[in-house]
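Here is a set of exercises to work through with the model open beside you. Try each task before you read its solution.

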Amino acid sequence: MPVTPDRRLDAVLFDFHGTLAMTQDPVTWVGAALVDLGVALDRGRLTVLADRLATAGGLPGITRDIRIPPHLAEVWADRDLSEYAHRAAYVGLARTVQTDHEGLAEAVYERILAPEGWVVYPDAVPTIKALLAAGVAVGVISNIGFDIRPLLHAWGLGDLPAILSYEVGLIKPDQKIFYRACAMLGAEPERTLMVGDTPADAGAVYAGLRSLIVPAANPGTANGLSAALHLAFPSME
């Protein structure tokens with residue numbers, strides 16, 4: 001796509017989880033973790049187990065209204081500021097589910113560290129490549145407690161610069177993390193769009209950015225982030 005004179009944006013920042021990619025559905029996720037342990041369950045038992053793990057909060061990002069046991073309160077509060085806390089929080093929540101499968105909590109967590117544990121939204125890569133081809137700077141900004149760069153690399157997005165909360169000690173919607181991301185891309189906040197799926201992403205407007213909030217659609221379903229192209233280039237058909 002050639003650079004056009006009506007370009008309204010110099011940079012676009014994308015959230016990661018729920019915006020660029022989504023974890024596998026709970027049944028597929030837990031089933032794969034069990035296979036890693038050499039265990040196979042029938043569909044009914046697997047579905048029940050996956051639902052229990054999701055309800056307990058042991059599947060990161062699946063359940064947002066989680067009751068946190070007192071012994072996990074500290075690591076839960078720090079989960080996006082520390083690799084240790086992130087792992088301890090989610091493995092700890094998964095361990096609150098009684099199961100006969102030793103090591104399942106750890107195996108479930110390991111799935112989020114591997115590309116095969118995720119499903120990239122179908123419009124994510126084409127949208128990013130179109131923006132880059134048009135001369136728009138693109139980056140990723142995420143509240144997260146582990147390095148997503150290996151995942152981006154596996155999806156052909158390894159050149160994207162990323163600001164991760166656990167590395168910089170800042171969590172969205174803190175304005176400073178958005179300023180830092182804009183500086184990373186060499187763009188002014190008012191010429192930058194933040195694309196995400198949560199109120200924390202929408203908080204970018206308080207730092208002077210524009211904001212596009214998309215639904216955290218089911219894995220494999222287009223979630224509308226391609227609208228970033230039309231915001232960058234309003235005359236696009």
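**Exercise 1. Find which helices the buried residues of helix 2 pack against, and work out how those residues are arranged.**

*Step 1.* The buried residues of helix 2 pack against helix 1 (26-36), helix 4 (83-95) and helix 5 (104-110). Contact here means heavy atoms within 4.5 Å. Helices (H or I, at least four residues) and strands (E, at least two) are DSSP runs, numbered from the N terminus.

A word on the source: this is a predicted model, in which local features need pLDDT of at least 70 and side-chain atom pairs count only at pLDDT 80 or more, while totals for chains, interfaces and linings use all residues. Residues are numbered from 1 along each chain as its sequence is written, and side-chain values use heavy atoms, with hydrogens and water left out.

*Step 2.* Now list the residues: L46, L49, A50, L53, A54 and A56 are the buried ones in helix 2. Buried means under 20% relative accessible area, exposed over 50%, and partly exposed in between (1.4 Å probe, protein chains only).

*Step 3.* These residues sit on the same side of helix 2 because they cover an arc of only 165° around the axis. The arc is that of the directions from the helix axis to the C-beta atoms. As a reminder, an α-helix has 3.6 residues a turn, so residues three or four places apart point the same way.

*Step 4.* Turn to the face away from the buried side of helix 2, and you meet the exposed residues V48 and T55.

**Exercise 2. Describe the length of helix 2 and what is found at its start and just after it.**

*Step 1.* Helix 2 runs over residues 43-56, and its 14 residues reach 20 Å from first C-alpha to last, close to the 20 Å expected at 1.5 Å a residue. The expected span is 1.5 Å times one less than the number of residues.

*Step 2.* At the start of helix 2, a side-chain oxygen of D42 comes to within 3.1 Å of the backbone nitrogen of G44. A polar contact is a pair of N or O atoms within 3.5 Å; within protein, one must be able to donate a hydrogen and the other to accept it, and residues adjacent in sequence count only if both atoms are side-chain atoms.

*Step 3.* G57 follows helix 2 and has a positive phi, near 90°. Just after helix 1, G38 also takes a positive phi, of about 80°.

**Exercise 3. Work out the strand order of the open sheet, then say how strand 6 fits in.**

*Step 1.* The open sheet has five strands in the order 5-4-1-6-7, with parallel pairing. Two strands pair if DSSP finds at least two bridges between them.

*Step 2.* Strand 5 (162-164) and strand 7 (210-213) are the edge strands, each pairing on one side only. From one strand to the next, the twist averages 20°.

*Step 3.* Four bridges join strand 1 to strand 6, and F14 stands opposite V195 in strand 6. Strand 6 also pairs with strand 7 over four bridges, with M194 opposite S211 in strand 7.

*Step 4.* Both faces of strand 6 are covered: T192, M194 and G196 are buried on one side, L193 and V195 on the other.

*Step 5.* Strand 1 (residues 11-14) is joined to strand 4 (residues 137-142) by four bridges, and L13 has G139 as its bridge partner in strand 4.

*Step 6.* Helix 6 (residues 124-133) lies across strand 1 and strand 4, at about 160° to strand 1. Axes are lines fitted to C-alpha atoms, for helices over the stretch in contact, and angles run from 0 to 180 degrees between N-to-C directions.

**Exercise 4. Is N223 buried or exposed, and what does its side chain reach?**

*Step 1.* N223 lies in the loop between strand 7 and helix 11 (227-232). With a relative accessible area of 4%, N223 is buried.

*Step 2.* Its side chain reaches the backbone oxygen of T19 at 3.0 Å and the backbone nitrogen of L225 at 3.5 Å.

*Step 3.* Not counting residues up to four places away in sequence, N223 touches G18, T19, Y121, D123, V214, P215 and A217.
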